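Here is a short briefing to read alongside the coordinates. Keep the viewer open and follow the topics one by one.

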Amino acid sequence: MSVVSLLGVKVLNNPAPFDAKYQFEITFECLEPLQKDLEWKLTYVGSATSSEHDQELDSLLVGPIPVGVNKFIFEADSPNLKRIPTSEILGVTVILLSCSYDDREFVRVGYYVNNEYDTEEMNDDPPAKPVIEKVRRHVLAEKPRVTRFAIKWDSEDSAPAEFPPEQPEADVVEDDGTAYGAEEEELEAAEAGAIEGADAVQEDAEDEEMAGAEDTAGPSAPKAEDEESDAGSEDLEAESSGSEEEDIEEEEGEGDEDMEMGEDGEGAAHTEAGKGEKLQGQHPGEVMVH
């Protein structure tokens, strides 16, 4: 926690001529007595491409600092033109207002500054050599950029942590890599078991479906009828090879042939019926599989 907090900065003479002094009204709060003074600085950035042209306009020591809210006026001289590149006198630049305690900076406020001529004619057609008497500066005071830093004040307790705190219990904890590998092995074993269980369930389901298909299938054709059909066929062949001497025997043979043909037809009908029953019995089994 910062012992000194910046509450506000007000730019007093703004806009102003380029060579006029800078004036700031600074308000800050001190939470506890300080052993040393605060050092305030104002820096002018002379070039956007190199820090060699930066110049410290002024610095001020403020102290002793009473506890509570404090306010003062900080004045700084205008920048030295000899240290600014001629091509960068006009245009936009930056000023930095900072405060340090015991050579440790804890707050910095940056402002954009626009330097231009006071007439539109000179801005439209600027002379080759800048005319400083005609140049005015405008600090964009409504858009400051504030940066704060944690520093050590008078007590050691106020010093920011330079290293992470020690954690002796971290050495006792199991290595994350080992635990991670064990978790992976457990996960792979669980997945393998789940796959085997799924295969077993699928095989049981297929066995049940096959058994159901056999139960629902119709009974096969009677063997006796098949034998009769075979016998009828043999009788027909025997009688067709016999003599044709007597018409009575021929008629009887034809009668036997008709009768046995009828038996053969009846046996075929039963066989086809048996097949139909099989197909009808197997059809639900196919639907169940799909």
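β2 and β9 run antiparallel to each other and are joined by two bridges. In this pairing A16 sits opposite R137 of β9. Please keep in mind that this is a predicted model.

**Around β9**
- On its other pairing, β9 is antiparallel to strand β8, which covers residues 104–117, and five bridges link β8 and β9.
- Within the β8 pairing, N115 is the residue that faces R137 of β9.
- R137 therefore has a bridge partner in each of two pairings, with A16 standing opposite R137 and N115 standing opposite R137 as well.
- Which residues of strand β9 (residues 135–139) make up its covered face? The covered face consists of V135, R137 and V139, while R136 and H138 form the uncovered face.

**N13 and its surroundings**
- N13 belongs to the loop that connects β1 (4–11) with β2 (16–17).
- Which backbone oxygen does the side chain of N13 reach? The oxygen is that of K21, at a distance of 2.4 Å.
- A polar atom of the N13 side chain is also 3.3 Å from the backbone nitrogen of Q23.
- Leaving aside residues up to four places away in sequence, N13 is in contact with K21, Y22, Q23 and R137.
- R137 thus links two topics of this briefing, as a residue that N13 touches and as part of the covered face of β9.

**The three-stranded sheet**
- An open sheet is built from three strands, ordered β1-β3-β6, with antiparallel pairing.
- Why do β1 and β6 each have one side without a neighbour in the sheet? Both are edge strands with a single partner strand, so one side of each stays free of a neighbour in the sheet.
- On average, neighbouring strands of this sheet are turned by 20° against each other, with direction ignored.
- β1 and β3 (residues 22–30) are antiparallel and connected by seven bridges.
- Within that pairing, V9 has I26 of β3 as its bridge partner.

**Cysteines**
- How many disulfides does the structure hold? The number is zero.
- C30 has a relative accessible area of 1%, so C30 is classed as buried, the cut-off being under 20%.
- C99 has a relative accessible area of 0% and is therefore buried too.

**P66**
- P66 is placed in the loop between β5 (55–62) and β6 (68–76).
- Is P66 buried, exposed or partly exposed? With a relative accessibility of 44%, P66 counts as partly exposed, because that class lies between the cut-offs of 20% and 50%.
- P66 and L34 are 32 residues apart along the chain, and their C-alpha atoms are separated by 8.1 Å.

**The chain as a whole**
- The chain contains four helices and ten strands.
- Read from the N terminus, the order of elements is β-β-β-β-β-β-β-β-α-β-β-α-α-α.
- Of its 290 residues, 24% count as buried.
- Among contacts in the chain with a separation of 6 or more, 64% are between residues 24 or more positions apart.
- The exposed area of the chain is about 19,800 Å², and carbon and sulfur atoms supply 50% of that area.

Note on methods
Residues are numbered from 1 along each chain as its sequence is written. This is a predicted model: local features need pLDDT of at least 70, side-chain atom pairs count only at pLDDT 80 or more; totals for chains, interfaces and linings use all residues. Side-chain values use heavy atoms; hydrogens and water are left out. A polar contact is a pair of N or O atoms within 3.5 Å; within protein, one must be able to donate a hydrogen and the other to accept it, and residues adjacent in sequence count only if both atoms are side-chain atoms. Contact means heavy atoms within 4.5 Å. Buried means under 20% relative accessible area, exposed over 50%, partly exposed in between (1.4 Å probe, protein chains only). A disulfide is a pair of cysteine sulfur atoms within 2.5 Å. Accessible areas come from the Shrake-Rupley method with a 1.4 Å probe; for residues, only the protein chains shown count as cover. Two strands pair if DSSP finds at least two bridges between them. Axes are lines fitted to C-alpha atoms, for helices over the stretch in contact, and angles run from 0 to 180 degrees between N-to-C directions.
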